[in-house]
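Please open the model in your viewer and follow the stops below in order.

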There are 2 protein chains.
Amino acid sequence: MELAQRNYQTSAAGLETLFAASAPDVISFAGGYPDRSLFPRQELNQAFSRSFTNDDSELLQYASTAGYLPLRQKLAQRMCHDGISATAQDVLLTQGAQQGIDLTARLLLNVGDGLVVEGPTYVGALAAFDAYQPTYYTVPVEADGMDLQALQKILMTKQVKLIYTIPDFQNPTGTVMSLAKRKALVALANRYDVVILEDGPYRDLRYTGENLPPLRHFDTEGRVIFLGSFSKILAPSLRLGWLTASAELLKPLMALKGGADVESSNLMMQGIDNYLQHNDLDAHIQQIRTCYRQKKELMVKTLREYLPDTCQINDPQGGFFLWLQLPAGFDAEAFMNNKLLPEANVSFVPASVMTPGQGPNNGARLNFTGPSLAQIRSGAKALGLSLRAALAKAQLSN
Amino acid sequence: MELAQRNYQTSAAGLETLFAASAPDVISFAGGYPDRSLFPRQELNQAFSRSFTNDDSELLQYASTAGYLPLRQKLAQRMCHDGISATAQDVLLTQGAQQGIDLTARLLLNVGDGLVVEGPTYVGALAAFDAYQPTYYTVPVEADGMDLQALQKILMTKQVKLIYTIPDFQNPTGTVMSLAKRKALVALANRYDVVILEDGPYRDLRYTGENLPPLRHFDTEGRVIFLGSFSKILAPSLRLGWLTASAELLKPLMALKGGADVESSNLMMQGIDNYLQHNDLDAHIQQIRTCYRQKKELMVKTLREYLPDTCQINDPQGGFFLWLQLPAGFDAEAFMNNKLLPEANVSFVPASVMTPGQGPNNGARLNFTGPSLAQIRSGAKALGLSLRAALAKAQLSN
């Protein structure tokens, strides 16, 4: 039996690293987990109960590939408030935003086709893209988003079909793409006839500063596909996301969704729709923001206190992650596996798994939403002290 | 913007035909819908309520790619009773059996790789396979399953990596693969080093005769992947299926599942697990069997009364479908679109969309589980009379 030549080994290893680093006794800065105490469990229970007892006899039946219409209407409305002009007909419901990545790759990428990703980027996106065997081009992420000069150089010399980006509170660096870069990125996509996949699961989770419009807002040629998700603003286990795109792209995406899993769960879609009917999602998101801002501030403060001077962190304005920059040549993966995890019971995601191929390893993604305040305090302190020891030892042996 | 060269147009058209033929005022023999009055709605409501109020704080959190362990245990046990030796570690939960088809294709098929399908076969499987651009080989379905002589001829002369089959109450013909053919098929797969994808959503739905062991039962070399589904025995809108395979195949399949949609919904898996804890699924399945046997018998009886002599149907022992064989040269698709649907408000799935490429069109799939007894009576009569008229007219013009 010979498997297909899909390069799933690397990204699968990355995902395994994530899960292994999330064992129960470990203070995990590795996962991308929401704070479970924020899940509106009772409200969702009531919503599902109401769905079960309502008079729609089709609740448990096959429904439609596009998804439950009233929920698509509500999502279109939410996107309109966020600068994306959309009606229900422009929305496809998906199994989390992850499926949106998979379907977009399926829509566009032949084997060997050029795909631009940010370096570092979301490891799960690489796991989806790997199945389509693209040729990866990695563009560095700067404090204000992708390095567009590096991008333009690639677009000028290579055949690129798709650019994957997380402009808001990027996974893993927590950075936000500036307004100027958003406009310039869309202009570049127009100029070189490239599709942009805008992954926006953290867009609603800004803790400081002003929201910027999504890339899709500046899209005049129907070449930006926008992905949203309930995972970070309601609960991941609902596994529901959505996608909006021009009709030209949406129609074949729906056909591909049908082949992938027929449709999303009508029960799940109706349950969430019922939650949205009876609850104020924006008020709920405000609660989440308040909690995560506090966690982020504690993480930044504690790290600033304990990290050695040769290590830098950023102070993200939202999202789930901050980025730890380590001295050149430092091997974050070996440090975590040989020292941080066994000695301090603390984990993070090392930079190495977050770029296609062999990327730099002197960085790490730190999640601040999953752990408790107490875990953030002790884990960040332990990380700082462990790094001090490791770097002092490295200096001695130099 | 140039899309990938994936041949999703044909199968997408097939799926669209299915949905169009299911409009509310139509008596649809087209869909693959269960009878909605059989859904255990109250019991599922209670099960989900109990899940929401239990003490598992992780209910709404990310869980694991393989799926909720207690549910995997229960499914392994059910499969053991059905002749498939499996433990929880051998089970992966999927978004319906449909995702199992997609992941298997993703695991095995490079562009152009040989794939054997039954002719005719499940249109949704073609929609999944199309994304991987295989070279299709179609093997006719006989009254006792695949034509194995035709299969062997293909295996001897072509490079084939995967054989897709529905041995029990095949979609669309309703046929069952004989015991002798089951053994011979696995032996052929061993001999030619091919993987078999055994799609078993209807296995539990036998109305007459004795159950035969699944292909996976005869698999000594770990080359049969078995797919199961809750869609037909609980409810389609749960969108939950499962897959079992050898460790060698299961491990990369799990990695691919992670890339496709991270994991299945923990809430959904726990809700179903809770249903299984508190209800007797086999007793529920017995109810379904009783209902569908009655529907099937009425459909067969009515068609036998009204169909012209030149048309044949089979009398399947289980499942969702029976097959209508029409005279050579008859165009089932044109008949449905131009006559049956506009004049009699009855629909079916014409043979043409159920084979890769251009297949014969003188056949149709008739579903007997979705429509009511009254609809079956009047729809089957209308179909018979409409065919009589069409065939008489065709004879006149010859």
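Through which surface do the copies meet? Select the interface residues of chain B: 100% of them are also interface residues in chain A, so the copies meet through the same surface. This is a predicted model, in which local features need pLDDT of at least 70 and side-chain atom pairs count only at pLDDT 80 or more, while totals for chains, interfaces and linings use all residues. Residues are numbered from 1 along each chain as its sequence is written, chains are lettered from A and ligands numbered from 1 in the order in which they are written, and side-chain values use heavy atoms, without hydrogens and water.

Next, superpose the chains by least squares on the C-alpha atoms of residues with pLDDT of at least 70 in both. A turn of 180° with a shift of 0.0 Å along the axis lays chain B on chain A at an RMSD of 0.0 Å. That is the relation of a two-fold axis. Then select B:S49, whose C-alpha, at 3.6 Å, comes closest to the rotation axis among the residues of chain B.

Now display chain A alone. Its C-alpha trace spans about 70 × 55 × 50 Å along the principal axes. Colour chain A by secondary structure to find 12 helices and 14 strands, which are DSSP runs (helices H or I, at least four residues; strands E, at least two) numbered from the N terminus.

Finally, colour chain A by burial: 64% of its 398 residues count as buried, that is, under 20% relative accessible area with a 1.4 Å probe, protein chains only.

Notes: Contact means heavy atoms within 4.5 Å. Buried means under 20% relative accessible area, exposed over 50%, partly exposed in between (1.4 Å probe, protein chains only).
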